[in-house]
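The following exercises invite the reader to examine a protein step by step. Each task is followed by a worked solution.

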Amino acid sequence: MGEADGDVPAYEVRLARIGEEDAICAVCREGFAASSEGLLSPATIGRQSALYYEPARVRREIATAGDRREWQGYVVAVTASGQVVGAAGGGMAGPTVGLVLVLYLDLALRGRGIGSALLDFVTTQQRETGATEQWVTVTEGNELGLPFYRARGFVARERFPHFVADDGTVEAHALRMSRPL
Ligand SMILES: CC(C)(COP(=O)(O)OP(=O)(O)OC[C@H]1O[C@@H](n2cnc3c(N)ncnc32)[C@H](O)[C@@H]1OP(=O)(O)O)[C@@H](O)C(=O)NCCC(=O)NCCS
């Protein structure tokens, strides 16, 4: 269990279990919406959330953790009473390249080290599968995410058009950031 420090609840970080998919979707939807506000349209936020943070999909992604190097499974921060307060997940994009694909936290608990604990778990998984570098894609302007990744040693390497509509309109740019492991 993590340290029960002041108002930080005791929690553990571990692979997610079947039955936790609804709670994972709630944390991810809320975190994605909050970190995308003013950057992406409500329609895009709704579409992305419905696609990725959908209980049946997440349930499958829990069940298939570790079957493929590209997806190493959902990881959760869970309090002693069983409440999911954060979720993460990553995979390998090549023999030595790890990707952080998901990282969200109950926003009321930001700034207490839980995000770092989730990232550490994913990083350990990736080191153990040969990663020597780690990448993440963050929407440009996401001030709930970018400072965290900078604090953890990630540097922006590339900027690219993100969320391109059918008519070619670019809604936002994103940054590909990386750090050596
Ligand atoms: C990103 C997120 C998971 C970080 O989790 P967290 O538990 O708040 O982060 P931590 O408490 O572990 O903070 C780690 C470091 O980041 C820094 N940090 C985090 N957010 C910051 C911010 N908004 N501004 C400045 N520094 C920040 C902290 O100061 C800390 O640095 P230190 O350890 O060197 O002092 C969480 O804030 C979140 O869910 N944000 C919204 C969703 C999001 O943007 N996710 C990423 C999408 S790609």
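Strands, like helices, are DSSP runs numbered from the N terminus; a strand has at least two residues and a helix at least four. The model examined here is a predicted one.

**Exercise 1. Locate Pro-9 and determine its exposure.**

Solution. Step one is position: Pro-9 belongs to the segment that precedes strand S1 (11-15). Step two is the neighbour count, for which the rule is that 20 or more other C-beta atoms within 10 Å make a residue buried and 12 or fewer make it exposed, with partly exposed in between. Pro-9 has 19 C-beta neighbours inside 10 Å, so it is classed as partly exposed. Step three is a distance: Pro-9 and Glu-140 are 131 residues apart along the chain, and their C-alpha atoms are separated by 31 Å.

**Exercise 2. Describe the overall build of the protein: how many helices and strands does it have, and what pattern do they follow?**

Solution. The protein contains 5 helices and 7 strands. Along the sequence they are arranged as β-α-α-α-β-β-β-α-β-α-β-β. The radius of gyration is 16 Å, close to the 16 Å given by the globule rule for 181 residues, so the protein is as compact as a globular protein of that length. Taken along the principal axes, the box filled by the C-alpha atoms is roughly 45 × 35 × 35 Å. Of the contacts with a separation of 6 or more, 59% are between residues 24 or more positions apart.

**Exercise 3. Trace the strand pairings from S3 to S7, stating the direction of each.**

Solution. Begin with strand S3 (residues 84-94), which is joined to S4 by 8 bridges in the antiparallel sense. A hairpin of 2 residues connects S3 to S4, and within this pair Ala-87 stands opposite Tyr-104 of S4.

Next, S4 and S5 run parallel and are joined by 4 bridges. Leu-99 has Trp-135 in S5 as its bridge partner.

Then proceed from S5 to strand S7 (residues 170-180): these two run antiparallel, with 7 bridges. Here Gln-134 stands opposite Arg-179 in S7.

Finally, S6 and S7 pair antiparallel over 8 bridges, and Val-164 has Val-170 in S7 as its bridge partner. The hairpin of S6 and S7 has 5 residues between the strands, and Gly-168 in that hairpin takes a positive phi near 90°.

**Exercise 4. Identify what is buried in the protein, and the residues of the largest nonpolar core that touch the most other members.**

Solution. Buried residues account for 33% of the 181 residues. Strand S4 is mostly covered, with 7 of its 9 residues buried. In soluble globular proteins, nonpolar side chains tend to be buried together. The largest nonpolar core here has 39 residues, and those touching the most other members are Ile-24, Cys-28, Val-75, Val-76, Ala-87 and Leu-118. To look at one of these, set aside the neighbours within four places in sequence: Leu-118 is then in contact with Val-13, Val-75, Ala-77, Gly-86, Ala-88 and Leu-103.

**Exercise 5. Is Val-27 buried or exposed, and which residues does it contact?**

Solution. Val-27 is part of helix H1. There are 24 other C-beta atoms within 10 Å of Val-27, so it is buried. Beyond its neighbours within four places in sequence, Val-27 is in contact with Val-84, Gly-86, Ala-87, Tyr-104 and Asp-106. Glu-61, which is 34 residues from Val-27 in sequence, is 16 Å away in space, C-alpha to C-alpha.

**Exercise 6. Assign His-162 to its strand and describe its surroundings.**

Solution. His-162 is in strand S6 (residues 155-164). With 18 other C-beta atoms within 10 Å, His-162 is partly exposed because that count falls in between the two limits. Apart from its neighbours within four places in sequence, His-162 is in contact with Thr-139, Ala-172, His-173 and Ala-174. Thr-139 is 23 residues from His-162 along the chain, yet their C-alpha atoms are separated by 7.6 Å.

**Exercise 7. Which residues come nearest to the ligand, and which elements supply at least two residues of its shell?**

Solution. There are 21 residues around the ligand, of which Ser-35, Gly-115, Ser-116, Gly-145 and Pro-147 come nearest. Helix H1 (21-36), strand S4 (97-105), helix H4 (114-128), strand S5 (133-139) and helix H5 (146-151) each contribute at least two shell residues. By character, the shell consists of 10 nonpolar, 8 polar and 3 charged residues.

Key. Residues numbered from 1 in each chain as written. Predicted model: local features only at pLDDT ≥ 70, side-chain atom pairs only at ≥ 80, totals over all residues. Contact = placed C-beta atoms within 7 Å. Near = placed C-beta within 6 Å. Nonpolar A, V, L, I, M, F, W, Y, C, P; charged D, E, K, R; others polar. Rg over C-alpha atoms; globule rule 2.2 N^0.38 Å. Core = buried A, V, L, I, M, F, W, Y, C linked by C-beta atoms within 7 Å. Pairing = 2+ DSSP bridges.
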